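Work through the exercises below with the sequence and the coordinates at hand. Each task is followed by a solution in steps.

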Amino acid sequence: MSSRKGSKLPHHEIVGLVRRRAENLYENNRLCCSEALLLVLNQGFNGGLTSEQARQLGSGFCGGMGEAGSTCGALSGAIMGIGLLAGPHAGGGLSKKGLRQLARTMHDRFQQEFSTSLCRVLIEPFDRDSKNRKSFCANLTATTAAIAAELLLVAMSGLAARAELAYLAKRDSKVGGLLKSLSY
């Protein structure tokens, strides 16, 4: 699959690829939600950061900003990705006002989907290390990535052409993810 055939796919198919890749990164690469979100948006749409830089930037937002339970890391990662790809300093980016409107829309869509943006409230029903919490957060990460990709593809007319379909279609195994995490 060529990396430059993104524009030939309908937006909903690209969104589906982003969703599945974000969930795969969260589940199999030992990445937290914010790391998975920023990484999938950056790598999936050629944001210009190395994968290491994207993971490093996202790492402080895990667990609602350093395990504080504040703003959900998935939402934080999505907003960082939106700024990276559509910000006023990005080539062909939105105006400051346009970016702020897009970020607000992302926040509002997240709130609508999950009823809150606070990590501690979102995960309150789950034990810290429970399988149910991991499953919930994997779905939350995937859903947030899909919302962000959808909003970005609508706001940035040329973004679909930048989609790295081979990266987005890739699926890592848990063993492969474990081996990768040992090299980080």
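The model is predicted.

**Exercise 1. Charge over a ring**

Task: Find the ring over which the charged end of Arg21 sits, and state what else Arg21 is linked to.

Solution. Step 1: the ring belongs to Tyr167, and the charged end of Arg21 is 4.5 Å from its centre. Step 2: the cut-off for this contact is 6 Å from the ring centre, and the value of 4.5 Å for Arg21 and Tyr167 meets that distance condition. Step 3: Arg21 also belongs to a network of salt bridges with Lys170 and Asp172.

**Exercise 2. An aromatic pair**

Task: Classify the pair formed by Phe110 and Phe114, and decide whether each residue is buried or exposed.

Solution. Step 1: by the rule for ring centres, the model has two aromatic pairs. Step 2: in the pair of Phe110 and Phe114, the centres are 4.9 Å apart and the planes make an angle of 50°. Step 3: planes under 30 degrees apart would count as stacked and those over 60 as edge-to-face, so the pair with 50° is tilted. Step 4: both residues lie in helix α6, which covers residues 96–114, and they are four residues apart, about one turn of the helix. Step 5: buried means under 20% relative accessible area. Phe110 has 0% and is therefore buried, and Phe114, at 13%, is buried too.

**Exercise 3. Packing of two helices**

Task: Describe how α1 and α8 pack, and give the make-up of their contact.

Solution. Step 1: helix α1 spans residues 11–28 and helix α8 spans residues 131–155. Step 2: their axes are 8 Å apart, at an angle of about 145°. Step 3: the crossing of α1 past α8 is right-handed. Step 4: the residues of this contact comprise 13 nonpolar, four polar and five charged ones.

**Exercise 4. Positive phi**

Task: For Asn46 and Glu67, give phi, the place in the chain and the exposure.

Solution. Step 1: Asn46 has phi near 55°, a positive value in a residue other than glycine. Asn46 is found in the loop between α2 (33–44) and α3 (51–59). Its relative accessible area is 33%, so Asn46 counts as partly exposed. Step 2: phi of Glu67 is near 65°, again positive in a residue other than glycine. Glu67 belongs to the loop between α4 (62–65) and α5 (73–86). With a relative accessible area of 49%, Glu67 is partly exposed.

**Exercise 5. Salt bridges**

Task: Sort the bridges Glu52–Arg55, Asp108–Arg104 and Glu150–Arg109 by whether they lie within one helix or link distant parts of the chain.

Solution. Step 1: the count of salt bridges is five, with 4 Å as the cut-off between nitrogen and oxygen. Step 2: Glu52 and Arg55 have their closest N and O atoms 3.9 Å apart. Both lie in helix α3, three residues apart. Glu52 is partly exposed at 45%, whereas Arg55 is buried at 11%. Step 3: Asp108 and Arg104 meet at 3.1 Å, N to O. Both lie in helix α6, four residues apart. Asp108 is partly exposed at 35%, and Arg104 is exposed at 54%. Step 4: Glu150 and Arg109 meet at 3.4 Å, N to O. This pair links distant parts of the chain, with Glu150 in helix α8 and Arg109 in helix α6, 41 residues apart. Glu150 is partly exposed at 35%, as is Arg109 at 26%.

Note on methods
Residues numbered from 1 in each chain as written. Predicted model: local features only at pLDDT ≥ 70, side-chain atom pairs only at ≥ 80, totals over all residues. Heavy atoms only, no water. Phe/Tyr/Trp six-rings, centres within 6.5 Å; stacked < 30°, edge-to-face > 60°. Buried < 20%, exposed > 50% of the residue type's maximum accessible area, 1.4 Å probe, protein only. Lys NZ or Arg CZ within 6 Å of the ring centre and 35° of its normal. Axes fitted to C-alpha atoms, helices over the stretch in contact; angles between N-to-C directions. Left-handed = near helix turned anticlockwise from the far one by under 90°. Nonpolar A, V, L, I, M, F, W, Y, C, P; charged D, E, K, R; others polar. Salt bridge = Lys/Arg side-chain N within 4 Å of Asp/Glu carboxyl O.
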